[in-house]
Every structure is written in C-alpha cells, then in structure tokens.
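This report concerns a model with more than one chain. It treats a helix and its surroundings, one chain as a whole, and the contact between two chains.

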Amino acid sequence: MRSRFDEQLITLNSELTRMGAMCESVISIAAKSLVTGDVELAKKIIPIDNEIDQKERDIESLGLKILLQQQPVARDLRQISAALKMITDMERIGDQAADISEIIQFINGRVDKDCEVINLMAEATMKMVTESVEAFVKRDVELARLNIKHDDIVDNYFKKVKESLIKVIAENPNDGEYALDLLMIAKYFERIGDHATNIAEWVVFSVTGTH
Amino acid sequence: MTKRIFRAIISVAILILISSFILIMGVMFGYFGSLQENQLKTELQLATHSVEREGTGYLKKIKSGNERFTYISSNGKVLYDSVASTDRMGNHSNREEFKNALKNGMGKSTRYSETMTEKTIYYAARLSNGDVLRVSVSRVTAIPLILGMMQPILLVLLIAFLLSLFIARRMADKIIRPLNEIDLDCPLENDIYEELSPLLLHIESQKAKLKSQEKMLIEKKSEFSHVIENMEEGLVLLDKDDNVISMNRAANTFFDIENNCKGKNFIYLERNMEINKFIDDVRCRGKGEMQKVKCGSVYQLNAGRISDGTGKFGIVLLIVDITEKYFAERNRREFTANVSHELKTPIHSIMGSAELIEAGLIKGEELPEFAKRILEDASRLNFIVEDIMELSKLEESNYFEEEEIDIIEFLREEVKLLEGVSKMRDVDVLISGKSIRYRTSRKLLHQCMYNLIENGIKYNSSPGKLHINLLEDNGKVLIEVEDTGIGIEKEHLSRIFERFYRVDKGRTKELGGTGLGLSIVKHSAEKLGGKILVESKFGFGTKFTLVL
C-alpha cells in the first residue's frame, strides 16, 4: 500500500517539476521575444500555455486521487496540498505569459529605447520563476526565502517602467496606446513575480510546515 | 523427513506384529488341536473298554464335560446320546466316522458348523458287539479367535502408531539438527555424518567456483564502470519512465549537478523543454540528435531507444562536447568564403570590364581607365597566386640555404625596400639594437620580416611610428616590430595567422594585401625554428616578436 503511495508521490513531484519547467520555458520565451522583438517566437507561447493548462488538470486529479485513496497525513499531506496550490500559481504564470505574448504580437515587438527597463524587468522575473522551480526541485528553503525577497526587485522595476512610460506619454501623446500596452506587459511580469513568490512560499510550507 | 521415518517405523511395527501374530496363532492352534485330539482318542478308548465291560449304563454315569458321547447301533440308529434326545436324531449310518469305524474299527471325521465358527471333531470306535461308540468335542475355529484378538491387536497397533510418531519426530530432530548446524562457509571443517562428505566436498568446490566467478564479475563491472566514469562524453541511461538508471561524471558536469541522481526522474536533471522534448521524440522515433549551447560550449546530444523486449523503451543519451569541432567547422566555412571572396572579386571585376569593352559600351577616352582596372585586378590576383605558391613552397620544402647574417644590417635593407610605402603613409621607421650575427636562411627571414614591416607600415596610423628592436635574451634572438596603429581586438588575435583571415571585414582594397601575409610570417618563423608572438592593445598598436 505504502509503495503505491510512494510511487504516486514521486509521479506527482516529477509532473509538478515538468509543469515548472514549462513555466520557465514560457517566461523565458516571453522575455526573449520582448527583448529581441521577435513576434514569431512570441507565438510559440500559446501552445505551451495550453499544455500547462492540461498539466494543471492532470496534477489536480492525481493530487485529489492521492488524497482520497491514501488519506495522507503530516508531511505527505502538506506536500500534496502545497502541490495543489502551486499548480494554480503555475497555471496563472502560463496564462499571463500567453497574455504577454498576445500584446507583443499586437505591438509588433516594438520596445523603444527609453523603456528598455522593461527588458530588465522581464529578465528579473524570468530569474524569479527559475529560482522558485529550482527551490521546489531541491527542496531548498533558503533559496525559496531568497526568492521571496527578490519580488521587491521586480516591484521596483515595475515602478521604473511606470515612470518611463509616463514620460513617453507626456512627450508623445500619440503613443498612449503603445505605452499602455507596455504597462500591461509590465503588470503581467509583476504578477508573474508574485506567483513565483507564492510558489516559493509553498515550497517553504511543504518543507517546514510553517507559512 | 519425520513423515518418512514415521512411515518406515510404523510399517516395520505392523509387519512384525502381523507376522508374529500369524506365527503364534498357527503354531499354538495346531499344538492345542493335536493335544485335544489325543485326549479325545484316549477318552474314547477308556469309554470303549468301560462300555464293553459295563454296557451303556456306564455312559450315563459319565459326567458330561465338553465331550459328547453317542452310542450307535451297527445299523446306524442312535441308541444313546449324552447331549441330545435320541428320538430326534436320524440314522447315523452315513456318517463318515461311523463308516470308518465299522470298516477299520476306528473312525475320525471333522465337521464345521454352518457359520464356520465351530468345528466338531468326531472319533468313533467299533465295539466288539458291532455297535459304535462315538465321542465328539466342539472347538472354536481360528476366525472367532482372530476376531476375539482384534481388540488387543488394535490397541497394540495404536500404541505402536503413537510410539512411532514420537520416535520418528525425535529421530528426525536428531538427524536434522547437525545438518542445520553445518557451517557452509567452511564445509570441509564439519564432522557430522560420514555419508555427507561427498556433498560437503561438492559444496566446497561449488563455493570456490562461485567465488572466482564473483570476483571476475566484480572486476568486469568495475572495469566497465571505470571506462564509463572516465569517458569524456557524458552518458545517461534512462528507464521506461524517464528515471535515471546510470550517469557518469561528464554527464553530471553537463547537467550541472553534484550528487548522484540515480533513480530520479530526468526532469530533475534538466528542465530545459527543448531537451525534454528531444527525449520524448527519441522515445517515439527511435533515435535522434540535437545541438545545445550551454555555458559557452557546444554539445551534441545523441540519443537512442533501447527495447527491453516487452515493448517498453529505455533511452541512452550520449553528450559530446563539440565546441572545438564546431568552431573549427565555422572557421573552415569562413575560410572557404574568404578564399572565394579574395579570388572571385578580382576575376569578376576583370570579367565585367572585359565584357563592357567587348560589347563596345566603353568609349575611347574611358578605355585606359578600364584597362587600368583590369591590370590592377590581374596584378592583385597575381599577388595572391604568388603568396599561395610561396606558402605551399614553405609547407613542402624542408631545406633552406643558410648563411651568416648580420641581422641589424639585414633589417636596414628590409626597411629600405619599403621606404616608398613608409614615406607615402608618413610612417617613421626606427631601428634599434646592437649588431648580432646569426646563421639562418636569408630567404625565410626576408619573408618573415618583409611582411611584418610591411604590415606595420600599412596598418599604422598616419603619421605614425614603427619601432624595430633587435635584442638577445637567454641565447635567443628577438626581433620586435611595434607599431602605433589601430591595434587588433582580442577576439581576432588568435585567428590573424589563419589564411585569408581579415580583421577588417570590409576588406578595403586601398591597402592591398592578400590576407596571406601573416600566414606566411608564421610558416616562415616555424621553418626558421622559431616562433612568432603577438600582443596588441586595441586603439594603441600591436607588437609582433619573432623569437629565433
């Protein structure tokens, strides 16, 4: 009985890692296509996002099955409930990356020189997602806590992007729509940063039991 | 074991019991039977005498015990019977004992009752008056005796059964205990049953065989794992569920993990979707390869599917660092492109001009201009061909005539040869150093220094300075050529000696040059038994040093 349970837990973890890897992949494509202005690359996000959605459903049903059949307690229960929460955050990351992809296609990959700070923001967010998945894979509480702190960096970048966009609108009122699109992208990155923080928090919870 | 011993004991017990029973019964029954018959005979004789003397009255006096007396007249009629009434008894003239008695004086017969459980023995004797006196006795047969004995026999059997069970268990225990205590690690040191020694000997030889085979296997395994572990290529084996079966050190380095990931899912090793997709692809298609750039190195990933015979597939992944090969390939491609560019540009230019002239599109006054262009490009081609031939000569021949040369004097001559160019480019050439005499090939040294000085002048700033310094260090002659030109960027430094390699991608024509000069310098330096060193600061100048 226990060995079956162990097997299911191992599958849950590897599937979750796979989903994390997909999130890393979409966010890196989003960042790369934004930096290079590659619209074709941005289009590749949509099918991966669909895969992420499917993965969420799979992991959810697996998690519920384990809960029902094995009735886990203590650490195992924490692990499964954390996994069920994490997939929601990962799914949101996928969705927001898909939204970013759509905007990049809409603005035709245009990023002007004076709002290049958004590229830095994209890279910082990408790093956060990678780190949170890394923390999950290695069950590294220290890395997770460090990652939670990194959210401030992304938040600061958001402020800077906002300021530079205000300047763009003030100098060139015709570019208002473009500036708002970029602001949306920045907001999505900021939200992705929050979800990465959430994932890191769930890692801390599943290992230590404190939230 | 217990069962077998029990079976043996109980069957022996039953066999003995039955045979002894039969033996005793047979002997005893016969003995008692003959004893009784004798007794009966004696009694008949006694009675015969007494009846002859006293008449039948005697018979009536006898206390009837087990015997039955019958007095039968000579015609067979029963006159007296000590047990039954004479009226009911029929004529006895047909009875065997009667007939025998009449005939021989004495008769005997035996008759069984209907149930066969009783046997009656009759003895008859003829009296002197012709009548017959018969005495008979009843005796039980063997069957009721056996039936009567059945109960004690069964009791004995039960006791034998229980006893055998107990003894069998004890015996089995006793036999087995030493067997269980045999030390199989050193079989020959046991001394229990002599009968076991062939078995123990066999075990000992098997043990030795196993040991040697195990040793061989371990050696093979460690040999194999050493080979795998120290392979330069990374090797990963995955099972049907993508779990790692084994991976070597090189693979650990590639995936940037420290500890052993045996048993873990591949996704923990590498989360890159590209590589994961590649593995999934290989699972479907059987094999595949991909290139991956990681940490500045280029890797080739070759993967193949392995079937375990049950239709489920494992994966073997080989990771080869092809960085060098990759860049060599890139250099080769660039070289081909450079060669074709260098050779084709003047040819196309010549062909174009010639075609225009042939078509009569060039007016008279423009003709010299086009002729000049053709001449320039042809001479440029000529230079390239000469340089290429020079290089191939350098590569092919190993002997160059040597002579004693005063190097400082030689350098002055070289500078003089290029005086025109240096004046045109406004480059001030300075030669310093003391006079050194050195035995070497003038031709090779000329090729080396001419090209270096020419480059120093051509790629210098205008106005600029070129400093040629001759010195001796540790018995080696050093000729330094230092310019104040544009310098060479770091990324180009390692490649400037390649054929047709040009730092200036625009390949400006005005300076001429074939892209082969430094290649000739390098080859000449090598043939001279020396080497050429270069250091450069981008924007400030370059220093070439020929070490002889």
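Just after helix α15 of chain B, G529(B) adopts a positive phi of about 85 degrees. The model in which this value was computed is predicted. The helix that precedes G529(B) spans residues 517–527 of chain B, and nine of its eleven residues are buried, so α15(B) is largely enclosed by the rest of the structure. The buried residues are G517(B), L518(B), S519(B), I520(B), V521(B), K522(B), H523(B), S524(B) and A525(B). Their packing partners in chain B comprise two helices and two strands, listed below with their residue ranges.

| Element packed against by α15(B) | Residues of chain B |
|---|---|
| α10(B) | 367–396 |
| α13(B) | 442–458 |
| β16(B) | 531–537 |
| β17(B) | 541–547 |

Chain A contains seven helices and zero strands, so that its order of elements from the N terminus reads α-α-α-α-α-α-α. Chain A has 211 residues, of which 41% count as buried. Among contacts in chain A with a separation of 6 or more, 83% join residues 24 or more positions apart.

The two chains also touch one another. Ten residues from chain A and six residues from chain B take part in the contact. On the side of chain A, the elements that give two or more residues are α1(A), residues 2–36, and α5(A), residues 117–138. The largest share, eight residues, comes from α1(A). By class, this side of chain A has four nonpolar, four polar and two charged residues.

Definitions and conventions:
Residues numbered from 1 in each chain as written. Chains lettered and ligands numbered in written order. Predicted model: local features only at pLDDT ≥ 70, side-chain atom pairs only at ≥ 80, totals over all residues. Helix = DSSP H or I, 4+ residues; strand = E, 2+ residues; numbered from the N terminus. Buried ≥ 20, exposed ≤ 12 C-beta atoms within 10 Å, placed from the backbone. Contact = placed C-beta atoms within 7 Å. Nonpolar A, V, L, I, M, F, W, Y, C, P; charged D, E, K, R; others polar.
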